[in-house]
Structure formats: C-alpha cells, structure tokens
Amino acid sequence: MSVVPGAGPARRGWLTDLRRIMVFTGKRLIALVLTVLVGVYLTILIANMGGQVDDLRLIQIRSNVSEQVRADPTFFDLPSEERQDIIERRVQMEVERRSLDQPFFVRSIDYLQGAMLLDLGRAEEMHSDRGARDVYWIIVERLPATLLLFGTANLLVFFVSVWAALWLSRRYGSGTDRAVIALAPSSAAPGWFYGIFLILFFAFVIPVLPAGGMVDIPPPESSWEYGLSVMRHMILPVVAMFLSSIFISIYSWRTFFLIHSSEDYVEMARAKGLPSALIERRYILRPTLSPIITSFALMLIGLWSGAIILEQVFNWPGLGTLLFQAIGHRDTPVIIGSVVIFAYLLALTVFLLDILYAILDPRVRVGIEGDNR
Amino acid sequence: MRKLLLLLVVGVFILILASVLFSRPSSEDTPDAGSADADADLGERRGALVDEVVFTQESDAGKVAGLIEAGSHHVFAQGVTNTTAYHRLRDSQQATYEEAYGTSSELTLNPAGPELANGELNPFAVKAIREAMNWLVNRRHIAEELYGGLAVPRALPVNTAFPDYARLADTARALELEYGHNPDRARRVIREEMEALGGTLENGRWIYNDRPVRLIALIRSEDARKRVGDYVANLLEDEGFRVERQYRTAEEASRIWIGSDPAGGRWHVYTGSWISTVINRDVSDNFSFYYTPRGRPDPLWQAYDPDPELDEIADRLQRRDYATSEERQEMMARGMELAMKDSARIWLVDQTNILPHAANVELAADLAGGVAGSRLWPYTLRFRDRVGGRIVFAAPSLLTEPWNPVAGSNWLFDTMITRALSDDAVLPDPFTGLYWPQRIQEAEVTVQAGVPVEQTHDWLSVVRSESIQVPEDAWIDWDGEAGRFITVGEKHEDGVTARTRTRVRYEDGYLERRWHDGSTMSVADVVLPWILTFARADEESSLFDPSHVPLLEVFQRHFRGWRITSTDPLTIEIYSDQIYPDAETIVAQRVPSAQPWHTLALGILAERGGELAFSSDKADRLEVDWMSLVAGPSLNVLKRALELGRENDFVPYADVLGEYLGEDEARERYTALADWYAQRNHFWVGDGPFYLHAVYPVERTVVLRRYEDFPDPADKWLRFTRPRIPEVNLDGPMMVHMGDEASFRLDITFEGEPYPEDAIDEVQYLLFDGDGQLHRKGKAALAANGQWRIDLDSDELAALGTGANSLEVAVTSRDVALPAFVSHAFGTVPAGTATLEQEL
C-alpha cells in the first residue's frame, strides 16, 4: 500500500495508488463484514440449537411458574382450575416477554440485525452486576476485571517469552536452553490446573494469599488499599497463567528466532563483527516484526473471552464467568453480544494488521491490479 | 538473564510481602474482633450479637472446610451434599455444621400404557407393579451407601421433617414397615402382574410381543441421583427387564419427563427431586400435586389416573374441606395408604443438607430451608466466645437480580440478606414453622364456626363466631381516579361477611421507632404498601403492571376488608375468607409490616416518569431498568427523584397518606434519606437488626452492620439456635413368657438432660407381631422426669402369639417438627421357656 514506482506523472501515480488502496480496503472490509455476519448467525443458530432451545425454555418457564405458584401462600387454597389458569397466564406473560411467541427465524433475523449494528439489546434472563438489563452494561462491567487479570498475565508472558527466546536463541544448546525445552511440555496443563495447586499451597497450607476473589472481603474503602488488595488477589491467577504458558511460549519463540538467526544476512552481519544487540534489533527483530505484532494483536483480542475455568477456580468476576453464566441461562442476547464484539474486534485487528504489515515490511504491497500479493 | 530472573523473583516476593502486610484491615471502624467479655455485654446489648456481617460469593463446596479453617469465612449459606466435603467438615476441629431436611428424592414412574405409542410395554402403568417398587428398593442402602449417610429413608408422600409427619407418626410408622425392603414380595408381584399383561419370562428376560421389555431409566447426572439411577436400573435388570440408562442434566431431562407425552414412551423411570425452603406445616395438598392431574398442567400429570377415593381425598384436602382437625388427620392417613397403593412416585430419601459454619459461630438454621431459609439468623448469629465482631457469609450467588421492596429479587440468597434489614411483625420458628410475635403485642383470630383452625401458642387467641360481619367503614378496594380507598359500605350495600377476622395490636411504641436513616415511622408506612397493592393493578394508574393483576385478582377472591381501629397503640383488623390450619399462620399471612413510604415514593416517581419499573415484567415491557435501590443505573434516577421529592415535599397519594403524616414529616424524611444516600450510596432503608452499610456489585460483596437503635435485647431469640430433637432410648425384656406382663422403659433426653414433659407432644407406641401386622397402638405413660413407661398386659402379649415382635415408639415434640423413632425387638415364648434374662 505504499507507493509503487510507475511511469506516469507523480500526481497520477498517487491517485492510482489511492484507488488501489481504496479498492483493496473496500474488498477487505466487505470480506470481513461477511465473515462477521456468517460467524454471528452461526452463533445465533448454535446458541439456540436451531430453535430447539425454545422448547427447553418453555418447559423451564412452565416449571418455574408452576413451582412459584405452588410455593406462594397467596394461592394456597385456590381451586386447581383457577391455579392452572393463573399458571397459564403467567407463562404467557413470560413467553411474550421473551418473544418466544414469534417464530425462531424471525427472532434470529432480529438478533442478527441488532448484532451487526452493534445494538446489543437487552438480556433475557441476566442482569449486570449493578442490576442493569442492557447487554452492553452486562459486558462492560466485567471487562475491567478481565482486562486487568488476563492483560497482566498475557503481557507478562508475551514480553518475557520474546525477550527470553531472543536471549536463548543466542545460546542454543546451553543448559538454560535445554532446561526450557525440557519444561515446555509443562504447558500441556492449563492455568487453572496450576491454580488449584497454588491455592492449596499459598492459601491453605501457607496461608499468605487469598484463595480467590478480586479483592478483600469486605473491599477496602481507601483506593490505595483497594488497589493493593486487587494486586494481592491477582498474584495467584497471574502466576498460574504464567506457569502454564511461559515455557512453551519461550520455546516456540526461541525456535522462531533460531530459524531467523541462521539467515544469510544475519550470518553476514555476525561475520562483519556487528554487536549482538544491533544484530538482534536490526537483523532479527525487524524482519520478524510482522509475526510478532500479529501474535501480540491476537493475544490482545484473546483477552476478550477471558478463561471460564480459571475464573471459576479463582472466583474472578470476569467475562469468562459471564459467558459461562449466559450459556447456563441460555441468554441468547448476552452470548451473541460477547461473540459479536469479539468478531468485530477480530475483524478490526485483521484489517489493521493488513495495514501494519505494509508499514512494517517493505516487501508487502498492494498489487498492480489491486490484489494483495 | 540470570540477573533478570533473580530480579523478577525478588520483585514478586516483595509484591507478595507488601500486599500481605498492607492488606491487613486498618480502618478503625471495621469491627473484626469483638469483645471477649461476652456475658457482661450480652445483658446490655440491643439488636444483633455481631457488629458486622459480610456476604460474599463462593460456590466451590470443595473449599468450604479450608476457608473456615483459614478463618476467612465463617458461614456457608448453601447446603453441602458432597460426601467428601462433608467428611472433611466432620473431621475438622474448626468447622461444624447444621442440618436441614428440605430436599427429597424419589422415582417418578411413567403411568401411561400399559402399551405405549411405540408398541412397547410399560409395566409401570400397572399400580401393583408401581407399588412393588417400594419393596424392591432398599431405602436404607440408598441413604447410607449411595448418599454416604447424608439422607434418611423416606417412604411416604410427607417429608419426614415436617409437622404432618409427626402428627401422623403412628400411621407413618405402620406404612413404613408395610413398605419396607422386601425383594421377594416385589418379585412375586412383578411376575404375577407381568404375566397378566401378557409378558413371558424367557431365560430370565421379560418378553412382550416377541421383543424384550425395555425400560428407559432417565438418570440425573449431576448429583447422587446418578448412583441411585444406576442402583434402580440394576434392580430392574435383575428382575428381567432390559434397562436403557440415559444420563441427563436437569435441562436435558426436563424436555423428556416434563415436556414429552408419557404415552410416547421416551422414559419409564426418572430420578426426581423436590425442594422445600421452609417448613411446610400443611402438606395436605401433596396428594393432589403428586398423584392427580390437578398437580400441574404438564402431560405427565395429565396421565395420572388415581383411584377415585384417593382423588376425592386429595381434592378435599387441597380445598381444606374438613370440619375438624381429627377429620383432616383421618383423611391424611387414608390418603397416605392410597398414595402408597398408587405409587406414581416411589419416595426414597429425605436428603440431609449440611450447612457448614465455624465451630465458634452459632445461628438458627431452619430445619427445612437451612441458613438461607431461616428468618431468625439475623437475630441469633453470634460468636460463641465473644460478643460483636465480624462474620463472613459465603453464598453461591448474590445480587442476582435488582433489589426493591415491591417486586425486586426473590432469589433465596438475596432474600436471606434483605430479611436481616427489616423487622417483621411475626417470625417463624425454624424448627416447627409456627410463628412467634416480634413486633405485635397480641392478636385475636375470630373464625367462623365449623372452620378447622388450631391454636398452639398463647400469644394469640382464637374466637369462634357464627357470623363475622365486615364493618362498613373497612377498606376493601381502591379508587385510582379519586385516589382514595373504597369502603365496604360503598362497595357492598348489603354488607359482607368473612370467614376470619384477624385483629392485631402492635407493641407499644411501634410507631415511635426509627428507620435506619433516622426518620421516625408513621402510619403512612403501613398504609402505602396497601395502596400499591391495588394501584399496581389499576389500568388507569401510571403504576399499572400487568404482571401484578393475577396476584390482586387472587388476593381479592378472599380479601374482605381491613381497617385501622387505633393508631396508639396501632391496632388493625383484617377480614378474609382464606383459612390456614394454624391460627398463628393466619396472623402471619394477614399482619401488615411497615415499609418506609419515602423510599417507596422515589420508586413511584421513577416509575411514573417511565425511567424505572418495580417489576421485571414491566421493566421489559417499557425497556427500562428494573429498579434497584442498592446499585446500578437506578441510583441516578432515584437520586433525581429524591431531589424532586425534596423540592416539592412530594407525598404519594397525599389525600390518603396526608392524614397520617406529621408536620414537616415529608421534609424530614427526604432530608434523612439524602444524608443516608450521601453516606451509603444506596436507598435501602429498613428497620431490622442490621442496616445495609455497603454494596459492592462487581466484587459481589454486601456489608451489613449492626443497627444500634434496635429496640430488642440481643438475646431475645437465642433459644432457637439448637433444634431440640428428642434423643430416645427404649429398654425392656428381650423375651416375654405368654401370660406374663411386660414393661418397657423409655428415656427421652436432649444433650443428656431429661426432655421437659411440657415440651413433649405425644409418645406413641405401635406393637407389631412377627408378620409385621399392627396389633396395638397406644400412648406411653410418664414415669419420672424424662422417663416414660409402656406397660403391655398379658392379653395384649398373648394376642401376638409366639415369635419375634417389635415395639415401635414415636416421640413428637412441641419444640421441633422432627419426630424421633426407636424400636425394640422382643420375643414371646411359651410359659416355662428359659429366657435370656433368666440364663444371664
């Protein structure tokens, strides 16, 4: 997408480039929107099991209403017929409230339309922690907790692993290198697995850290104490995630850097006696920046989904738990809301990466006919 | 690299150290420890026995014992049914537990058929085969092995912890023995009935229409019912059926057993479970619910075809169509016999829910509903070794739905908290379900002659009257347009009568108490909730809520009027046609409690403005937020309403309420509420032993603090912290000669002390012969303090014949609904036979 040398005047060349960029951008945007559209509609279908969930929800509504009426002393000595009538009326109200009286296809199109316009709508069963019914608030309230925990852990893992991998790539075959390779399979266990042992050890055997939650009980009233309390509660989950990812991450980045370290131009730089820091920065990192940035960007948007089991283990009020609850409640708008934001974020990231590639790597260009090659 | 790693490790260590050191509570007003001088403080103290209660969310039962031992949590509101967690708790020095019995497990049998739509045979269409299932299953094995001891056997459609079971203890015991484990009898009946259906037993397998008889066991997979399902499936396979096991979660299973037509044959037996969160003092509608099509409109219930006698008894019991309690008992007893013959359900066990708490903590837990269902926990919660301090509760969910006092969250763990913030006029006994007065001085229940109502406590009186005329000036309806109550005289020119009149006199100074925000109560706090009851069902009202209409319609079916006869002391009369068997329950259902009118006024303004709605249903219809007085976007709306109310001294329904307001009351109320909001950042104002100090929605934490101006002494309800379940020991001869008399000694104690005579309701005995036939039932005689005696004369013993016999004793207490049973086996031998006692 930078300028392709052409034969015509500079202005004409600039316009041609602009046209190519616009065509390229338009095609990418259309493709991405279509991808989001298909992804979201598939989510709607899956979340509702093609409409079969309606039957399930009707049964649940009927059961809940029946039990509520039975438990309510107000209806204590009501004749059965009138009791059944009350049940039916209340069921009907719940059905109307959830729009279950409309065909699933109609509702699915409504869901899709709202989702594509980023109108997340209202939840059917759930509330935000503060009591709002809007899906937007339900998600936004959980976002800071997820970003804080997973952002810290993932950024830590990312930068430590890239830095350590670069360092190890210069010490191929050393004791540390072999140790990292040996430890790489430890990442087969997920973070929550380490979390259970960390909780057992640091919360119960040597009780120096909390077993779960985001903040002390009750939360400190001073902001400083609150912040410190949150940090303290983050230690175990961050360590759990760090332990579960760090070795495999170092190992994969180390292998990646090793391949690039053996390129001819790197060998040439070494032969010329350039300092190793310069070689790393200019001859290894620069050409590999695109995949690093891609990995970084995908890691960032990966934060969105949180981690269901880890959040459950640490009782962390994040988006993973929220999605888990939404699936449990079969609250379609919340499920769709979570997915549609992720889909848009992913599409946006992919789109931005396309542009970033061209900026970072001079070899990436928009082709003469506007194709990306 | 090494230096950096070292730095990283050191950094993490410093971080941990810093956060551990700095996270110690430093605020001076956080009451963590309390005073160790418990006895000195208890006498003087008012209200709650602890200074602060913190609720937090924790759903992992596996952590329970560890968290209690670590001292971070003290009480778990959720019952534990996991045997591993139970054993861990049992072995812990720092933790102990209460027990609750509100959950029951059963086998739901498919009654359709005998030939189903798919041509297959459904043996459970035959009542005799269903009845035989009672003999096939070993309930003791299920309770002790499959539930790991966290259950007690149950055979009857009445929960073993509920008063009706105690009332019917003799019949219940006889039926339990009749339907005890007897696999040979079960096999005999099943074979006879299967052959009558056209089945043939070939190589140990039942064949019908040249195909093996297939049974689908729908087994719940989330809990111990998975083991129960497997156990029952194994038993049925042993009887020659081909059993297909389908393991399903609650949702998956509901589509099949509730959602599908039983005649479709998608299931034959389902491992069901039912929960009661309160002690139900009248379970007479169980027969209608569990055995007749009147139970629910779902296809399974519509397939029930009860015996006409059972159907009639169930219907009459549900309608409370009986004249005396004796008649009711007879119907209940007969109903139980017929229900066992029908056996649409095979009751298996009443589960024991373990409610863990720290060993140094005490509180009243409800015998059915546990801690979450207990109304007395706020009044009894305390450290055994000190007064004051902070107690941390854990619950699996908190703040599940928005809190408002009109139609807010009714989730169990939310209401558990809000109950501590208000002070009801009467409170239920956690062990019997009977109500005790809290804010009322006395009550008089007048019932129409012939209406079976019983009185147990002496804080109220019951009067019989041939006719109860409702006074003309009593309020019976609401005129929304005019904004006033409609009197009986206006609505019923010829007058109206009622089946009951409940006259309640509140305690002196009831209206001189203060709300948590410091404002003084008034009659308006009692009247406004009544107005809302009517106004919310008035289509012309801006508060109209369609979801409230059915509730009001039902209410109006039996409501016959109410009036305030005195404001000092506050005395109210309520007229109604609705009857409950216990007079205490009638008072509890009728007596109005106060709600602060000024917080309701904010809600009214917000709903009238179309910004919030009291109920979920209306909120969704208007696409606005469901009102929360404690958190979220509602607070800003309510804050604006408060400003508006303050500016205009707004009084809702001023034509009515104005009569009961003091001078400048509106201004004082709003000023107090504004100060309250400024300090607490919420609008929840109550009058309970605790006030709502802080709400942290995202952190899922709620903090309550002791209300120091609470009027009652702190130890007022402490007698309800331990269920006084009688401990019974029966001793007597092992062998008795024919022609001799025999005497049996019964010791009834509680924690080693004799059980008080006046607390004993009944000590009944049942005498069974070796064939399990009931020969005699009677009552034990009091011999001494805590000692009772059963004397059997020679004729009674002779009637048993020679052989092994059983003396069963049921002890029922007035203090606790759970009866105690004990049995003694003895032999009757011919005269002259050497007995064991003689040989010894």
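Helix α5 of chain B buries B:I129, B:R130, B:A132, B:M133, B:N134, B:W135 and B:L136. In this predicted model, that makes seven of the ten residues in the helix (residues 127-136), so α5(B) is largely enclosed by the rest of the structure. The cover over these buried residues includes two strands, β3 (95-109) and β11 (345-358) of chain B, along with the helices α9 (183-196), α10 and α15 (325-342) of chain B.

One of those covering helices, α10, turns up again in a β-α-β unit. Strands β8 (residues 214-220) and β9 (residues 242-248) of chain B run parallel to each other and are joined by seven bridges. Between β8(B) and β9(B) the chain passes through helix α10 (residues 225-238) of chain B, and the crossover is right-handed. Within this pairing, B:R220 has B:R248 of β9(B) as its bridge partner.

A smaller piece of strand structure has the other pairing sense. Strands of a sheet pair through backbone hydrogen bonds, either parallel or antiparallel. In chain B, three strands make up an open antiparallel sheet with the order β5-β6-β7. Its edges are β5 (200-202) and β7 (211-212) of chain B, each of which pairs on one side only. Strand β6 (residues 205-208) of chain B is held to β7(B) by two antiparallel bridges, and B:I207 finds its bridge partner in B:P212 of β7(B).

On the domain level, chain B is assigned four parts: domain 1 (27-98 + 370-422 + 688-715), domain 2 (101-351), domain 3 (438-669) and domain 4 (727-839). Taken over C-alpha atoms, the centres of domain 2 and domain 4 of chain B lie 32 Å apart. The two domains do touch: twelve residues of domain 2 of chain B meet 13 residues of domain 4 of chain B. On the domain 2 side, the elements giving two or more residues are α7 (163-167) and α8 (169-178) of chain B. Of these, α8(B) supplies the largest share, six residues. As for chemistry, that side of domain 2 of chain B has nine nonpolar and three charged residues, and no polar ones.

The contact between the chains draws 62 residues from chain B and 57 residues from chain A. Helix α1 (residues 2-22) of chain B gives the largest share of the chain B side, five residues. The chain B side is mixed in class, with 29 nonpolar, 17 polar and 16 charged residues.

Further along chain B, B:E490 sits in helix α18 (residues 488-491). Is B:E490 buried or exposed, or something in between? With 14 other C-beta atoms within 10 Å, B:E490 is partly exposed, because that count falls between the 12 or fewer of an exposed residue and the 20 or more of a buried one. B:E490 and B:I476, 14 residues apart in sequence, have their C-alpha atoms 9.3 Å apart.

Finally, a word on confidence in chain A. Its mean pLDDT is 82, and 92% of the residues of chain A reach 70 or more. Two stretches fall short of 50. Residues 1-6 of chain A stay under 50 in pLDDT, yet the model gives them 13 contacts beyond four places in sequence. Residues 368-373 of chain A are also below 50, with seven contacts in the model beyond near neighbours in sequence. Where pLDDT is low, the predicted coordinates should not be read in detail.

Conventions. Residues numbered from 1 in each chain as written. Chains lettered and ligands numbered in written order. Predicted model: local features only at pLDDT ≥ 70, side-chain atom pairs only at ≥ 80, totals over all residues. Helix = DSSP H or I, 4+ residues; strand = E, 2+ residues; numbered from the N terminus. Domains from an automatic or database assignment. Nonpolar A, V, L, I, M, F, W, Y, C, P; charged D, E, K, R; others polar. Pairing = 2+ DSSP bridges. Right-handed = clockwise from strand over helix to strand, strands pointing away. pLDDT = per-residue confidence, 0-100.
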